[in-house]
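Got your viewer open and a selection box ready? Here is a short walk through a few spots, one selection at a time.

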Amino acid sequence: MFFERVEGGNRAILVHVDFPESDHREDPIEFEELVVSAGADPATYIRASRTTPHPKYFVGTGKLEEIRMAVQAHDADVVLFNHALSPSQERNVEAAIECRVLDRTGLILDIFAQRARTHEGKLQVELAQLQYQSTRLVRGWTHLERQKGGIGLRGPGETQLETDRRLLRARISTIHKRLVKVEKQRDQSRRARARSDTPTVSLVGYTNAGKSTLFNYLTEASVYAADQLFATLDPTLRRLAIPDMGDIVLADTVGFIRHLPHKLVEAFKATLQETAEADLLIHVVDCADENRLSNIEQVENVLEEIGSYEVPRLEVFNKIDLLDNFKPAIERNDEGVPVRVWVSAHTGEGTSLILGAITELLGDEVISQKVTLAPNESALRAALFEQNAILAENYDDYGHVELDIRMQKKDFKQLLKRFSLSEERFGVSREKEFFER
């Protein structure tokens, strides 16, 4: 229903109203990028300034007439508002200008409908669209607000609009049930990763910050990446080998945007749960964007809304290739802990610094110590060599070998269990003494 797109009909009139005193001001440049991402052809950009929205038309009557004339002059098919309109405002503007009207939320939903590829993604988008359309049904069905007629159907009965609303509620209920099953499957996958002690690292950030490009470079995957808003919709997970640490699961997620519609956050709850339950978040920032500080704030707001604000975080300032004479670097706080890495996912510069920072931040699970093995424990030494855990070794006159090892604690414990050796002997239970912080 919502994924059948009509060819053509994309000439659009863009409308942006500036509210100087508002805390929720939209970005007109970003809005134009959204329109282009949706596949529309912007014919003209109409701007206005008001202290408060007009209760009936959102814009003033004079500006409304300007929009109507622009629709006729450019033979436009749709008028796009860079704001959230009420259903009544949409209907009133449509009636006045005789052209289809879509607000910012509807535009973002349309982009998501185009990007959805997996069954789960399509269900999530359809749910958000149905919830959005449920308050706007009257716009398309006003001519059907009459009682059913015909033999056996005369009388009070049910109007066509009521029937449509009932079918809509039924479809929403069906999708909710399907998404509950998806959420249970994701929970099972997360529990399986937890049992195997495999850390999860999730890429988050403002849309078009370069998350998918970085994901592809690190994992050698082929996730769709493009210089457009919301190029990624469906989450992708890949295993990534981290030097001196072992495997992690790296997750590429949908980008955030200012004033992300709450219906989308609700619909994508199962997907965003990967972010909420990650061991580490890599917040990718477009450092060449002049609005990067505002974008960071918007991402922080969404993370708080989905319950991910307390997850440990590493900022990755991407696209240093767009800056003049800027080299890859890693920044640390006063305690020496990595907090920010400057890289270029496009050229690969500095990406090794990210891997090193991940190792340090998840390093509570990495052993870095000396162990002494007796001559009859050569099988353990061979197993450590197989896992590339030995940095150096020295023998004494009695055949004992002292090894400098570095590996994940869970892997070392598994080896000790395999060879029936005591954990206490090697001190793996005393974290403060033997584990890096």
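We'll go through some helices and then two single residues, bearing in mind that this is a predicted model.

**Stop 1: helix H1**

Select residues 28-37, which make up helix H1. Which of its residues are buried? Colour Pro-28, Glu-30, Phe-31, Leu-34, Val-35 and Ser-37, and you have them. Now bring up what they pack against: strand E1 (11-18), strand E2 (41-49), strand E3 (78-81) and helix H4 (104-115).

Before you leave, check how this helix begins and what comes after it. At the N-terminal end of H1, show the side chain of Asp-27, which acts as the cap. One of its side-chain oxygens sits 3.0 Å from the backbone nitrogen of Ile-29. Following H1 you'll find Gly-39, with a positive phi near 90°.

**Stop 2: H4 and H5**

Keep helix H4 (104-115) on screen and add helix H5, residues 119-133. Their axes come within 10 Å and cross at roughly 155°. An angle over 145 degrees counts as roughly antiparallel, so that is how H4 and H5 run relative to each other. The crossing is left-handed.

What meets what here? On the H4 side, pick Thr-105, Gly-106, Leu-109, Phe-112 and Ala-113; on the H5 side, pick Val-125, Ala-128, Gln-129 and Tyr-132. Sort the residues of this contact by type and you get 6 nonpolar, 3 polar and no charged.

**Stop 3: Glu-377**

Jump along the chain to Glu-377, in the loop between strand E12 (366-373) and H13. Buried or exposed? Glu-377 has 12% relative accessibility, so it counts as buried. Zoom in on its side chain: a polar atom there lies 2.9 Å from the backbone nitrogen of Ala-374. Leaving out neighbours within four places in sequence, the contacts of Glu-377 to display are Thr-372, Leu-421 and Arg-425.

**Stop 4: Leu-380**

Step on to Leu-380, in helix H13 (residues 378-386). Leu-380 counts as buried because its relative accessibility is 2%. What does Leu-380 touch, not counting residues up to four places away in sequence? Select Leu-373, Leu-415, Leu-416, Phe-419, Leu-421 and Phe-426. For a last distance, draw a line between the C-alpha atoms of Leu-380 and Leu-415: these residues are 35 apart along the chain, and the atoms are separated by 7.4 Å.

Leave Leu-421 highlighted as you finish, since it appears among the contacts of Glu-377 and also among those of Leu-380.

Notes:
Residues are numbered from 1 along each chain as its sequence is written. This is a predicted model: local features need pLDDT of at least 70, side-chain atom pairs count only at pLDDT 80 or more; totals for chains, interfaces and linings use all residues. Side-chain values use heavy atoms; hydrogens and water are left out. Buried means under 20% relative accessible area, exposed over 50%, partly exposed in between (1.4 Å probe, protein chains only). Helices (H or I, at least four residues) and strands (E, at least two) are DSSP runs, numbered from the N terminus. Contact means heavy atoms within 4.5 Å. A polar contact is a pair of N or O atoms within 3.5 Å; within protein, one must be able to donate a hydrogen and the other to accept it, and residues adjacent in sequence count only if both atoms are side-chain atoms. Axes are lines fitted to C-alpha atoms, for helices over the stretch in contact, and angles run from 0 to 180 degrees between N-to-C directions. Angles under 35 degrees count as roughly parallel, over 145 as roughly antiparallel, 65 to 115 as roughly perpendicular and the rest as oblique. A crossing is left-handed if the near helix is turned anticlockwise from the far one by less than a right angle, and right-handed if clockwise. Ala, Val, Leu, Ile, Met, Phe, Trp, Tyr, Cys and Pro count as nonpolar, Asp, Glu, Lys and Arg as charged, and the others, Gly among them, as polar.
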